[in-house]
Amino acid sequence: MVFTGIDFIGFCGVKKVANDHITKKRPVIMFEVDFCTEDGGTIFIDDYAYPVKKNTIVCAKPGQKRYTKGVLRCYYAHFEIFNDELFE
């Protein structure tokens with residue numbers, strides 16, 4: 001039985017961006033888990049601000065809206081869940 005399908009795994013923050021850089025607001029289409037590797041920047045999920053701190057995990061689920069401001073360095077995994085009970 002398959003519960004999840006991992007679509008993307010990677011590291012963000014390789015490119016240098018300005019501290020006032022803001023990404024476009026976008027809909028979350030699959031579960032997104034970010035493991036922050038450095039302090040700095042802010043993650044916005046449904047317009048709630050999460051200041052980025054080293055060694056924290058930030059999660060977003062399908063249907064939410066998200067964007068980031070400032071420099072963000074993290075490992076991330078984006079995945080789908082195919083089991084309705086687990087999804088909820």
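## Close-up views of the predicted model

**View 1. Asp34 counts as buried, with a relative accessibility of 4%, in this predicted model.** Asp34 forms a salt bridge with Arg66, and the closest nitrogen and oxygen atoms of this pair lie 2.7 Å apart. The bridge links distant parts of the chain, since Asp34 belongs to strand S3 and Arg66 to strand S7, with their positions 32 residues apart in sequence. Salt bridges that share partners extend this pair into one network, in which Arg26, Glu32, Asp34 and Arg66 are joined. Arg66 itself counts as buried, its relative accessibility being 4%, because the cut-off for a buried residue is a relative accessible area under 20%.

**View 2. Glu32 meets two arginine side chains, those of Arg66 and Arg26, in salt bridges.** In the bridge between Arg66 and Glu32, the distance from N to O is 2.9 Å. Arg66 lies in strand S7, which covers residues 65-69, and Glu32 lies in strand S3, which covers residues 31-36, so this pair ties together parts of the chain that are 34 residues apart in sequence. In the bridge between Glu32 and Arg26, the N to O distance is 2.8 Å. Within this second pair, Glu32 counts as buried at 2% relative accessibility, whereas Arg26 is partly exposed, with a relative accessible area of 32%. For the model as a whole, the count of salt bridges comes to 4.

**View 3. Gly41 occupies the loop between strands S3 and S4.** At this position the glycine counts as partly exposed, with 24% relative accessibility. When neighbours within four places in sequence are left aside, the residues in contact with Gly41 are Pro51, Val52, Lys69, Gly70 and Val71. For one of these partners, Val52, the separation from Gly41 is 11 residues in sequence, while the two C-alpha atoms are 5.6 Å apart in space.

**View 4. The largest nonpolar core of the model is made up of 9 residues.** Its members are Val28, Cys36, Ile43, Ile45, Val52, Val58, Ala60, Leu72 and Cys74. The elements that contribute two or more residues to this core are strand S4, residues 42-45, and strand S6, residues 57-60. Val52, which belongs to this core, is also among the residues in contact with Gly41, shown in the preceding view.

**View 5. The whole chain, shown as context for the close-ups, contains 1 helix and 8 strands.** Read from the N terminus, the order of these elements is β-β-β-β-β-β-β-β-α. The chain has 88 residues, of which 32% count as buried. Its accessible surface amounts to about 6100 Å², with 57% of that area belonging to carbon and sulfur atoms. When contacts between residues at least 6 apart in sequence are considered, 71% of them join residues that are at least 24 apart. The bridges that link Arg66 in strand S7 with Glu32 and with Asp34 in strand S3 can be located in this view.

Terms used:
Residues numbered from 1 in each chain as written. Predicted model: local features only at pLDDT ≥ 70, side-chain atom pairs only at ≥ 80, totals over all residues. Heavy atoms only, no water. Core = buried A, V, L, I, M, F, W, Y, C linked by side-chain atoms within 4.5 Å. Buried < 20%, exposed > 50% of the residue type's maximum accessible area, 1.4 Å probe, protein only. Helix = DSSP H or I, 4+ residues; strand = E, 2+ residues; numbered from the N terminus. Contact = heavy atoms within 4.5 Å. Areas by Shrake-Rupley, 256 points an atom, 1.4 Å probe, with all protein chains shown as cover.
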